[in-house]
Amino acid sequence: MEKRNYGTAILSAFDYLLENYPEVFVIGQGLWSPWYVGNTMTDLEKKFGVDRVIDTPVSESACTGAAVGASLAGMRPIVVHPRMDFMLYAMDAIVNQASKWSHMLGGQAHPGVTIRSIINRGGEQGAQHSQALHAWFAHVPGLRVVMPSTVADARDLLIASVLCKDPVMYIDDRWLYDQEDDLPDAIELDLATQRPVVSIIGSDITIVGSGHASLLARQAAEQLEGKGISVEVIDVRILNPFYAEEIIKSVKKTKNLLVIDSGWTSGGFSAEIIAKVVEQLPVNCLNNPPARVALPDAPAPTSRFLERDYYISPNDIVEKVINLIK
Amino acid sequence: MKNDLNKLSNPEEFQSPIDIEGFDVEVLMRMLESMVLIRKTEQRLALERMNGLIGGPVHLGAGQEAIAVGISQHLQSTDRVFGAHRSHSHLLALNPDFYRLFAEVLGKSTGFSKGMGGSMHLVDQASGFYGSVPIVAGTVALAVGAAMAAKMQKTNDIGVAYIGDGAVEEGVVHESFNLAKIQNAPMLFVIENNLFASHMHISLRQPSPMISRFAEANGIPFELVDGNDVVAVFDAAKRAICDIRSGKGPRLLELVSYRFYGHVDWRDDVDVGVERSLDDIENWKARDPILRLSKSMLDCGFLSECQESAFDQKLDKDIDKAWNRAMNDPYPSDEATLKYVYSEEN
């Protein structure tokens, strides 16, 4: 089977969609430049034309709104925000318009727009080039939120997002781009039926994450295995609407729960996972209090020295697990 | 003739009957009937809101009917029209079904938005009305995107955004002007300049009352028109829409008008005290677009008083019937709140 990395898996999703669906177009800033979006969109405009891969004025708000409007008119647009931080200019189009359109108009029109938003941090970029705001979007009914963590999901969940009739926030993380894996042929998944999946089977503790946090969990699980601790890792994949059944099943077995999240701790998605699981567990099911590893409640620092502590490493997770279940 | 905004915004000007010489009588009649239908529908809404039968806010546009009516004569059902909080006229000018508007405002499942939207969230895509929402300027970029889609789909459809003079103070409107121009999108920006944003007169909000200056800044051809002269609106819209459909890119129309009611609900005086005086309201009522057209038509013998009152009486009766029917219609079912969140649940 072909080995691919996460970044080029995204590229192959764009290829697949633009090739097979004439109503798909892509719009966003930096799409004709090689460095805004890494290796995920290389030469698409040369292959499919600048009318279908549209680089835009510096106008996140209008471009996102335009994509929402185009989706109401029968197109399947993908808006690309090379950094989530800048996408905040487009909050009205995302939260007030796209997410509520179907509901407030009686389910008669659906903005099937995909908003691809990239978490792009580290490298001393600081507070405004770093944010992972998936928890905000997962709070909004009507907006599907997708965070692929594996190479295959990077491609297949993007395809599923674009083919879905609802607005979708697809969030990828540049720290995942170099991850390599076998890539089977593309498939068209029904996004509405996708659920969290068990990526590693284990018996001592359940570790849950999404996006890059999920990769960290897998890396920590490998280290813990060497220390005789068997970890079950669950990759959330779809944050909204969020279905916790798979996680609950796992926690009933392992009786320990740790959540990893690349957003801030307070009010973060880690809290939603723990709440939804604990609400449905029998009393005294857990051997230890549920725990989480997420970012400190502070904006990202710039200095390399501070950054090292600020972001989560697999070692942080290993340490947390050992402290938790020892 | 080039219009002057200071003159257009002076309520003591432009009160005479409008010039209808050589104009198609059938079209005049159609526009008059459409305007009267919208006016009477809104008057009923004002009355029932005052009576307490309507639970939510209604933003009435009485006095501004000529704008939507003049423009809609040139629209086709495959165009993509977007409105805002004050959009009853925008919808009714495309689809005169006041029964479904009443049902919607009453939150009934037979309404335009199946009772999920009320007065501020309306849709009727079959007639080209893609939607209206109350976030000021929220749909302007959506309309540009729908226009861009029309171009990609190689149709001759256009996008239309109704925008108030207050909405142009939102940044996204300027982004949208620029994007529409740079994309050469088939897009009509309709500026309804009624001189007020809620309670604030334009002189307290902007250094110039003329919104068209932003069209100029973005290289978008525009016309400044008396928004209370339905024939002038019709003619300007015809020129603009013809250009847009033939691929010449976006156009902007600025139509100066005035609303008879306050910002929201039935009172006409809630805005008085800033710059709006009762004298102004009275003067603007003398510039009533319906009055001016019907007077011109009566003067020319295109319409008789007898005809006019027969039409009014029949409409009053139909409105009564529609209101009572809507009152007896069912509310959405219990499941509706969760049912419409995602498409799969339908």
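**Figure 1. The two domains of chain A in the predicted model.** The C-alpha centres of domain 1 and domain 2 of chain A lie 26 Å apart. Domain 1 covers residues 3-192 and domain 2 covers residues 197-325. Where the two domains touch, domain 1 of chain A provides 27 residues and domain 2 of chain A provides 25. On the domain 1 side, helix H6 (134-138), strand E6 (144-146), helix H7 (151-163) and strand E7 (168-173) of chain A each give two or more residues. H6(A) supplies the largest share, four residues. This side of domain 1 of chain A is made up of 16 nonpolar, six polar and five charged residues.

**Figure 2. The largest nonpolar core.** This core has 205 residues. B:Val144, B:Ile163, B:Val190 and B:Val233 are the residues with the most contacts inside it. Because domain 1 (3-192) and domain 2 (197-325) of chain A both give residues to the core, it lies between them. Apart from its neighbours within four places in sequence, B:Val233 is in contact with B:Ala66, B:Ile67, B:Gly70, B:Ile71, B:Val225, B:Gly227 and B:Leu255. There is also a second, separate core of six residues, among them B:Leu195, B:Tyr258, B:Ile281 and B:Trp284. In soluble globular proteins, nonpolar side chains tend to be buried together.

**Figure 3. The side of chain B that touches chain A.** Here 39 residues of chain B are in contact with 35 residues of chain A. Strand E3 (129-132), helix H6 (140-152) and helix H7 (171-182) of chain B each contribute at least two residues to the chain B side. The most comes from H6(B), with 10 residues. By class, the chain B side holds 20 nonpolar, 14 polar and five charged residues.

**Figure 4. B:Ala147 and its surroundings.** B:Ala147 is part of helix H6 of chain B. It counts as buried because 33 C-beta neighbours lie inside 10 Å, and 20 or more are needed for a residue to be called buried. Leaving aside neighbours within four places in sequence, B:Ala147 is in contact with B:Arg80, B:Ile158, B:Gly159, B:Ala180, B:Ala185, B:Pro186 and B:Met187. The C-alpha atoms of B:Ala147 and B:Asp79 are separated by 8.5 Å, although these residues are 68 residues apart along the chain.

**Figure 5. Packing of helices H5 and H12 of chain B.** Helix H5 (residues 98-105) and helix H12 (residues 305-328) of chain B pack at an angle of about 40°. Their axes are 9 Å apart, and H5(B) passes H12(B) in a right-handed crossing. From H5(B), the residues that take part are B:Phe98, B:Tyr99, B:Phe102 and B:Ala103. From H12(B), they are B:Ile319, B:Ala322, B:Trp323, B:Arg325 and B:Ala326. Eight of the residues in this contact are nonpolar and one is charged, with no polar residues.

**Figure 6. A:Tyr6 in helix H1 of chain A.** Helix H1 spans residues 6-20 of chain A. A:Tyr6 is buried, with 29 other C-beta atoms within 10 Å. Setting aside neighbours within four places in sequence, A:Tyr6 is in contact with A:Val151, A:Ala154, A:Leu176, A:Tyr177 and A:Gln179. The C-alpha atoms of A:Tyr6 and A:Thr40 are separated by 8.5 Å, and the two residues are 34 residues apart along the chain.

**Figure 7. Backbone details in three loops of chain A.** Most residues other than glycine have a negative phi, and most peptide bonds are trans. A:Asp43 is not a glycine, yet its phi is positive, at about 65°. A:Asp43 is placed in the loop between strand E2 (24-28) and helix H2 (44-48) of chain A. With 11 C-beta neighbours inside 10 Å, A:Asp43 counts as exposed. A:Glu124 also has a positive phi, near 60°. The loop that holds A:Glu124 runs between strand E5 (114-119) and H6 of chain A. A:Glu124 is partly exposed, with 13 other C-beta atoms within 10 Å. In a further loop, the peptide bond from A:Asn240 to A:Pro241 is cis, with omega near -10°. A:Pro241 lies between strand E12 (238-240) and helix H9 (245-254) of chain A.

Notes:
Residues are numbered from 1 along each chain as its sequence is written. Chains are lettered from A and ligands numbered from 1 in the order in which they are written. This is a predicted model: local features need pLDDT of at least 70, side-chain atom pairs count only at pLDDT 80 or more; totals for chains, interfaces and linings use all residues. A nonpolar core is a set of buried Ala, Val, Leu, Ile, Met, Phe, Trp, Tyr and Cys residues joined through C-beta atoms within 7 Å. A residue is buried if 20 or more other C-beta atoms lie within 10 Å of its own, exposed if 12 or fewer, and partly exposed in between; C-beta atoms are placed from the backbone. Domain bounds come from an automatic or database domain assignment. Two residues are in contact if their C-beta atoms, placed from the backbone, lie within 7 Å. Axes are lines fitted to C-alpha atoms, for helices over the stretch in contact, and angles run from 0 to 180 degrees between N-to-C directions. A crossing is left-handed if the near helix is turned anticlockwise from the far one by less than a right angle, and right-handed if clockwise. Ala, Val, Leu, Ile, Met, Phe, Trp, Tyr, Cys and Pro count as nonpolar, Asp, Glu, Lys and Arg as charged, and the others, Gly among them, as polar.
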